[in-house]
Every structure is written in structure tokens, then in C-alpha cells.
Amino acid sequence: MTGSKRKAQATQESLHRIFTIPEAPNSTLGRIEKEISENLAGFLGNHIAAKEQLLSEIEKDFDCSKIPEQPTFVSDHMHHLLDKLVSQSVHTSSPSFIGHMTSALPYFILPLSKLMVGLNQNLVKIETSKAFTPLERQVLGMLHRLVYQNDDNFYDTWMHSANHSLGAFCSGGTVANITALWVARNNLLGPDGTFKGVAREGIFQALKHYQYEGLAILVSSRGHYSLKKSADILGLGQDSVIAISTDEHNKIDCQKLKEKCQALAAKNIRVLSIVGVAGTTETGNIDPLTEMAKIAQQYDCHFHVDAAWGGATLLSEKYRPLLQGIELADSVTIDAHKQMYVPMGAGLVVFKNPASVASIEHHAEYILRKGSKDLGSHTLEGSRPGMAMLVYASLHVISRPGYELLINQSIDKANYFADIIEQHPDFELITKPELCLLTYRYNPKVVQTFLTQADDDAQDLANSILDKLTKFIQKRQRENGKSFVSRTRIEVQKYRGRKTLVFRVVLANPLTSREILEDVLIEQNELAKESHTFLPKLISLSTSR
Ligand SMILES: *Cc1c(COP(=O)(O)O)cnc(C)c1O
């Protein structure tokens with residue numbers, strides 16, 4: 001309704017209205033609300049444009065930096081949002097959107113989210129959240145128990161204890177990882193004699209006092225980039241995150257890990273933390289956690305497990321054994337907004353020892369008084385929303401066996417997809433799914449055969465053309481808007497560790513059917529044939545010798 005004649009006015013009365021009077025059921029917003037609550041999938045399907053616009057075009061709709069001097073009626077503004085924003089957003093909950101870790105949400109989440117926003121609790125302190133604080137502590141307790149499996153007595157003692165915390169709820173895996181390493185750093189470089197601790201005196205004085213040449217964080221080359229961010233803001237520098245190479249299954253090479261620990265010790269560089277990954281972001285593999293825990297113990301360093309994505313697998317009795325050794329970790333990161341089907345903004349870290357968070361404790365006079373149960377004294381973030389309610393509700397509504405079904409189903413689906421890729425002559429499976437994530441690429445049979453016999457140079461040449469073809473197909477597929485897979489570049493052992501472009505698929509959406517997966521291959525196969533440069537080049541290269 002861009003041609004609307006009505007003009008809104010910024011008056012006391014109009015402002016009073018927006019705070020007190022709901023939008024009428026037959027207003028634009030009222031109708032949208034109804035549609036969203038009755039048929040979200042239909043709403044998104046209708047309003048998100050299938051054909052994508054160039055980002056440079058979209059930017060033109062968002063190029064004015066002036067704050068409006070003239071208010072807009074909600075309905076008019078809603079039309080604007082639908083037209084310019086919603087239509088050009090991404091249909092992440094579509095069953096054929098299988099490229100990322102966030103997917104569909106259960107229906108009950110929508111009204112609950114609205115309630116959460118309406119209540120607008122601030123979890124930083126009890127004064128502004130009351131029952132939300134014990135609820136969040138319970139959620140942390142539940143996830144702690146999922147990882148560490150202590151007895152009732154343990155949780156009775158610690159879950160609601162003022163000076164302890166079983167973990168920290170935060171906005172996501174990044175902040176969870178930062179929090180874990182912050183705790184590790186402050187415990188390692190704590191107060192000692194006249195030294196007041198790194199939290200007070202900073203990293204420079206701490207290294208001087210403890211006489212270390214530096215600190216290091218060791219993780220496999222598949223580690224998430226949030227660890228480098230953590231090292232950066234904790235004052236260690238990104239280069240102190242040392243990547244250890246992986247075996248052919250994308251799991252950290254423990255022999256190399258030991259050798260690195262040894263070499264660092266010889267240079268008087270203290271290993272702050274060894275980080276195991278339980279579900280790597282790119283390939284979905286799980287490090288040998290038990291063995292890593294032993295090495296961490298041997299070198300007396302914090303053992304953190306980044307299970308941001310894969311942690312939810314613990315809810316499946318069938319697949320829980322894949323994460324064996326996670327219970328030996330000093331801290332574990334889990335994102336509820338990935339495989340627990342909670343909306344974005346729900347990550348957490350749990351600590352084996354409920355006292356370890358004392359090292360990051362902060363107090364302030366007007367809030368977070370000593371001895372209070374305020375959650376804000378042990379979190380990096382200050383004001384935080386009541387997202388824990390959504391995790392709490394999901395754990396109750398779905399329950400552990402429900403999650404088990406979802407998780408098992410996703411892994412089965414990934415195995416099915418891997419099977420049809422392997423059976424297809426013109427596709428190549430690059431990494432087999434251990435959880436519900438796999439990578440592959442389009443690679444015609446003649447080229448596959450050629451690659452097994454080619455010398456190194458010819459292999460590199462063919463692979464570099466294949467990279468271009470992969471990118472071509474992935475972009476075309478996204479632009480078509482029917483389905484979506486992501487792409488990433490990973491080292492492939494089979495090709496002498498060459499960094500190779502691959503499609504990456506995460507099968508978390510319960511509504512993704514086998515038929516959709518079959519269709520994805522059909523579509524990609526057709527798109528490949530539209531490449532009039534790369535495909536012919538490959539074929540002639542492969543058949544010319
Ligand atoms: C997603 C992910 C993160 C980061 O989590 P955010 O919620 O995006 O901040 C960290 N580690 C791993 C292994 C992840 O998959």
C-alpha cells in the first residue's frame with residue numbers, strides 16, 4: 001500500500017496507542033499473525049521469493065541512513081517489510097534447504113517465542129527474571145547431566161547453589177567457546193602469592209609471573225574459527241591456536257597432538273587447552289575424545305569439547321557411544337539452536353566442576369551482589385533473553401526419546417543420501433557421514449577413472465576444473481531457489497590433501513524426504529550439463545590420453 005494517502009503523526013496519543021492497543025485482527029499485521037500461526041510453511045512459501053535477487057540490487061532498498069522524521073503506520077510498514085525484506089530472506093526451514101545447521105522449528109516454538117518476548121525477562125539478574133533464573137539453572141543442569149551423567153545427589157547439591165554454576169547459557173557456540181577458554185585461562189593463571197591473577201593484572205603480567213614463553217590452544221585442523229576469535233579476545237593471539245592435522249576420517253591425529261605438546265613444553269610454551277571437536281562443522285566427524293582426555297591429563301591442561309553441533313547426539317542412545325569420552329571434558333559447548341530445533345540465540349557451555357566458573361566471577365554493587373544467585377555473575381553477556389524457556393519447553397514437549405527419533409532419522413537419511421551418491425556413476429562422495437553431515441561433488445565417471453590414473457599435475461588440473469564446476473552448480477542451484485546445499489573447501493586425502501571444493505549437506509530437517517534427496521542429484525546433474533566450459537574441458541582432458 002505504498003500509495004497510501006494516510007499520514008501517521010508522532011503524537012503523544014499515537015505513541016500511547018502503539019503501547020496499549022493491539023493490531024486489529026483484520027489489519028495487515030493481524031492477518032499475517034494469523035497466517036503465521038496457522039500455516040507458517042505456507043506463509044514462508046508464499047512470501048519468500050523463489051528467484052533470488054542480486055545482493056547489489058537488494059542493497060539499494062537499504063541505502064538510506066537517515067532516521068525517519070515521519071512515522072509510518074504499522075500496516076504500511078508491514079507491506080514494506082514483506083516486499084523488501086521477507087521476500088528476499090532465506091527459506092531456512094524448507095525441506096530442500098539442506099546446506100546448513102539451522103533448519104525447521106516445531107510449531108509450538110512460535111507462540112512460546114512470542115510469550116518470551118512479551119515477558120521480556122532479563123536473565124542477568126533475579127530482580128528482572130525471577131523464576132526464569134531457576135529455570136535456566138535447571139536447563140543447564142539437564143544438559144550437564146546429559147554430558148556427565150552424575151547422580152541426583154550431585155544435582156541437588158549444585159544446580160541452584162549461589163556460588164557455583166553448572167554452566168553458562170549464552171547466545172551461541174562462539175560465546176560458549178569463549179566462555180570455556182576464559183574459565184580455563186583464569187584458572188591456569190590464577191592469583192598466586194602477590195600476583196593477583198590474570199583477571200586483574202592481564203596476560204602480560206601473568207606470563208611474567210608464571211614464567212611462560214606463551215600459551216597455546218591445540219585443536220584439529222577442522223576446528224571452528226570461533227576458537228581463533230576466543231584466543232584473540234583473551235589476549236593470546238590467534239596464532240596461539242595451533243592446528244593439528246587429521247587422519248583420513250577427519251579426526252585429530254593423536255600422535256601428532258602428543259608430539260606438539262612435547263615440542264611446546266620444550267619451548268616453555270604452556271598448553272592452555274586441548275580442544276576436541278564432536279561434530280566438525282565441515283565434515284561432521286568426532287575426535288577420539290577418550291584418547292585426547294588422556295593427553296590433556298598428561299600435560300595438565302584444560303580439556304574442552306566443542307560439541308556445538310554434534311552435542312545433541314547424546315540424546316540418542318543408539319549414537320551416544322560415538323561421543324564416548326565427552327564425560328572426561330572439563331567443559332563442553334552445545335548449541336541448542338542447531339540440532340535441538342530451538343531458534344537462534346541458544347548456546348551453552350557446561351563445566352564438569354561446578355566451582356570452575358568462580359574464576360570469571362564478576363560482581364557489581366547494584367546487581368550481582370556477592371552470594372546472590374544472579375546468573376549474570378558468571379556470563380560474558382550482560383542482558384540476556386529468556387531463551388532457556390524454549391530449550392526447557394523443547395526438552396519437555398519432545399523429550400529424550402523424541403529427540404532420539406529425530407537424530408536417528410537424520411543419520412539414517414544421511415546414510416541413504418551417501419548410498420545414492422555412491423551408486424550414481426557421476427557423483428563422488430568425499431566424506432562419509434558419521435552423523436547427519438556429508439560432503440560430495442559432481443564428478444563424471446570418465447573423470448573419476450582418469451583421476452585414479454593421472455599423474456599429480458594432471459590430477460591437480462582436473463581437480464581445479466572440478467572446483468569451478470562445483471561452484472557453478474552450487475550457485476546455479478541456489479539461484480534457481482528450488483533447493484540448496486552449501487559448499488566448502490576441504491583437504492581431501494585421496495588427492496594428496498589438496499584443498500578441494502565440495503558440496504556440504506546437513507540433513508537435520510525432519511521433513512526432508514528421500515525423494516527430495518533424489519531430486520537434488522537430478523537437479524545437480526542437469527545443472528552440470530549447462531556448464532558449457534568446465535564440463536567439456538574435463539571430458540576432453542580425461543579422454544585425450
Ligand atoms: C556452529 C559451531 C560453532 C559456533 O556456534 P555459533 O552458534 O554459530 O556461534 C562453534 N563450533 C562448532 C563445532 C560449530 O559447529
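Q: Which helix gives the most to the lining of the largest pocket?
A: The model is predicted, so local features need pLDDT of at least 70 and side-chain atom pairs pLDDT 80 or more, while totals for chains, interfaces and linings use all residues. Residues are numbered from 1 along each chain as its sequence is written, and side-chain values use heavy atoms, without hydrogens or water. The lining of the largest pocket (an open set of 1 Å grid points with protein on both sides within 12 Å along at least five of seven lines; lining atoms within 4 Å of a point) receives four residues from one helix (a DSSP run of H or I, at least four residues). With residues 40-47, that helix is α3.

Q: How much space lies in the largest pocket?
A: The residues closest to the centre of the largest pocket are Leu 40, Leu 44, Ser 93, Ala 104 and Leu 105, out of 30 that line it. The space in the largest pocket is about 780 Å³.

Q: How many residues in the lining of the largest pocket are nonpolar?
A: The lining of the largest pocket has eight polar residues and one charged residue. Its nonpolar residues number 21.

Q: From which domains does the lining of the largest pocket draw at least three residues each?
A: The domain assignment of the chain (automatic or from a database) gives domain 1 (12-89), domain 2 (173-336) and domain 3 (407-543). The centres of domain 1 and domain 3, taken over C-alpha atoms, are separated by 38 Å. At least three lining residues of the largest pocket come from each of domain 1 and domain 3.

Q: Which helix gives the most to the shell around the ligand?
A: Around the ligand there are 15 residues (a heavy atom within 4 Å), the closest being Gly 173, Thr 174, Asp 306, Asp 335 and Lys 338. One helix, residues 173-188, supplies three residues to this shell. That helix is α9.

Q: How many residues in the shell around the ligand are polar?
A: The shell around the ligand has three nonpolar and three charged residues. Its polar residues number nine.

Q: How far is a polar side-chain atom of His 337 from an oxygen atom of the ligand?
A: Side-chain N or O atoms of Thr 281 and Lys 338 also face ligand oxygen atoms, at 3.1 Å for Thr 281 and 3.0 Å for Lys 338. For His 337, the separation between the polar side-chain atom and a ligand oxygen is 2.9 Å.

Definitions and conventions
A polar contact is a pair of N or O atoms within 3.5 Å; within protein, one must be able to donate a hydrogen and the other to accept it, and residues adjacent in sequence count only if both atoms are side-chain atoms. Helices (H or I, at least four residues) and strands (E, at least two) are DSSP runs, numbered from the N terminus. Ala, Val, Leu, Ile, Met, Phe, Trp, Tyr, Cys and Pro count as nonpolar, Asp, Glu, Lys and Arg as charged, and the others, Gly among them, as polar. On a 1 Å grid over the protein atoms alone, a cavity is a set of points where a 1.4 Å probe fits but cannot get out, and a pocket is an open set with protein on both sides within 12 Å along at least five of seven lines; lining residues have an atom within 4 Å of a point. Grid points are joined across faces, edges and corners, and a volume is the space filled by probe spheres set on the points.
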